[in-house]
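Trainee: I am new to this structure and would like a close look at a single part of it. Please pick one helix, explain how it is placed, and then set it against the rest of the chain.

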Amino acid sequence: MTPLMFEYELKLSKRRKSVAIKVTPERVIVLAPFKVCQNSLRQWLETKNNWVQSQQSKLQQLPSKQDPLRTRKLLLFGQTYDVDYSNVQKVVVNHEKRSICLPSTLETQQVECRKTLITFLNSQLKEYLNTKLARFSTEMDCSISSVKVREYKSRWGSCNSKQALTFNCLLAGAPTEMIDYVIIHELAHCHVLAHNAQFWMLVEKQYGNYKSARKWFNQNGKQLMIE
């Protein structure tokens with residue numbers, strides 16, 4: 001009998017009818033029905049050793065998070081900007097030279113420097129959203145109640161039943177066509193909250209190559225995060 005080669009977190013659900021494995025950079029999660037036979041589950045998981053190790057290997061090869069305090073580089077709308085420090089009072093961005101200048105007082109203040117960069121990305125994304133939301137909401141016949149920008153750890157955007165939208169400020173690092181996909185995705189939720197066939201039809205109507213955008217975020221989303 002082949003021994004189990006990985007540790008996992010078991011999540012049981014009374015609504016689930018089948019077993020599934022979810023591999024993340026942090027852990028392996030096994031989703032199973034509430035009354036699953038533990039012995040049978042263990043035997044099934046042992047047959048998945050190679051698959052789990054393969055998925056973990058792929059995740060390790062994905063781009064790492066941004067570390068602008070060390071590398072002095074920051075992604076902005078899909079382009080790499082140089083980060084420097086100078087005698088300025090606030091963040092100064094030069095899109096032509098692709099440079100971002102921060103107050104020199106932040107050069108050794110890691111927490112404050114990160115907070116300043118997050119605030120900067122927040123403002124940059126808001127400016128972009130102001131233009132694109134007006135266009136896409138009209139084209140998709142959406143009535144938005146509110147728009148907020150904040151930092152999320154595990155999602156790029158959200159839409160609730162009141163058609164209030166929230167976007168991850170770290171999206172400001174992504175190429176504009178990828179930001180557009182997230183905007184359209186959340187606007188589609190103004191009509192359909194679930195991720196069902198009707199929802200994806202709405203997305204595809206507005207953003208035909210949405211599958212490639214989803215793939216891009218799966219492969220590159222991590223590099224938008226900031227240490």
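Mentor: A residue counts as buried when its relative accessible area is under 20%, as exposed when that area is over 50%, and as partly exposed in between. The model is a predicted one. In this protein of 227 residues, buried residues make up 40%. Its secondary structure comes to seven helices and ten strands, and its C-alpha trace spans about 65 × 45 × 25 Å along the principal axes.

The part to look at is helix 5, residues 176-188, and a good place to enter is aspartate 180, which sits in this helix. Aspartate 180 counts as buried because its relative accessibility is 11%, and the cut-off for buried is under 20%. Leaving aside neighbours within four places in sequence, aspartate 180 is in contact with Tyr128, Lys132, Phe136 and Tyr207.

Tyr128, Lys132 and Phe136 belong to helix 4, and they take part in its contact with helix 5. Helix 4 covers residues 110-139, and its axis is 10 Å from that of helix 5, at an angle of about 55 degrees. That angle makes helix 4 oblique to helix 5. The crossing of the two is right-handed. From helix 4, the residues that meet helix 5 are Leu125, Tyr128, Leu129, Lys132, Leu133, Phe136 and Ser137; from helix 5, they are Thr176, Ile179, Asp180, Ile183, Ile184 and Leu187. Sorted by class, this contact has nine nonpolar, two polar and two charged residues.

Helix 5 also packs with helix 6. The two axes come within 9 Å and cross at roughly 140 degrees, so helix 5 and helix 6 are oblique to each other. This crossing, too, is right-handed. On the helix 5 side the residues are Tyr181, Ile184, His185 and Ala188, and they meet Phe199, Trp200, Leu202, Val203 and Gln206 of helix 6. By class, the contact between helix 5 and helix 6 has seven nonpolar, two polar and no charged residues. Ile184 of helix 5 appears in the contact with helix 4 and again in the contact with helix 6.

Next comes the nonpolar core. The largest one has 53 residues, and those with the most contacts inside it are Phe167, Tyr181, Ile183, Leu187 and Phe217. Among the elements that each supply at least two residues of this core are helix 4, helix 5, helix 6 (197-206) and helix 7 (210-220), along with strands such as strand 5 (79-86) and strand 10 (164-168). Helix 4 gives the most, with ten residues. Apart from this core lies another, of eleven residues, including Phe6, Ile21, Val28 and Val30.

Val28 and Val30 lead to tyrosine 8, which touches them and Leu45, not counting residues up to four places away in sequence. Tyrosine 8 is found in the segment before strand 1 (9-13), and with a relative accessibility of 27% it counts as partly exposed. The C-alpha atom of tyrosine 8 is 36 Å from that of alanine 164, which is 156 residues away along the chain.

For a contrast with aspartate 180, take asparagine 50 in helix 2, residues 49-60. Asparagine 50 is exposed, with a relative accessible area of 63%. Its C-alpha atom and that of methionine 5 are separated by 8.7 Å, although these positions lie 45 residues apart in chain numbering.

How values were computed
Residues are numbered from 1 along each chain as its sequence is written. This is a predicted model: local features need pLDDT of at least 70, side-chain atom pairs count only at pLDDT 80 or more; totals for chains, interfaces and linings use all residues. Side-chain values use heavy atoms; hydrogens and water are left out. Helices (H or I, at least four residues) and strands (E, at least two) are DSSP runs, numbered from the N terminus. Buried means under 20% relative accessible area, exposed over 50%, partly exposed in between (1.4 Å probe, protein chains only). Contact means heavy atoms within 4.5 Å. Axes are lines fitted to C-alpha atoms, for helices over the stretch in contact, and angles run from 0 to 180 degrees between N-to-C directions. Angles under 35 degrees count as roughly parallel, over 145 as roughly antiparallel, 65 to 115 as roughly perpendicular and the rest as oblique. A crossing is left-handed if the near helix is turned anticlockwise from the far one by less than a right angle, and right-handed if clockwise. Ala, Val, Leu, Ile, Met, Phe, Trp, Tyr, Cys and Pro count as nonpolar, Asp, Glu, Lys and Arg as charged, and the others, Gly among them, as polar. A nonpolar core is a set of buried Ala, Val, Leu, Ile, Met, Phe, Trp, Tyr and Cys residues joined through side-chain atoms within 4.5 Å.
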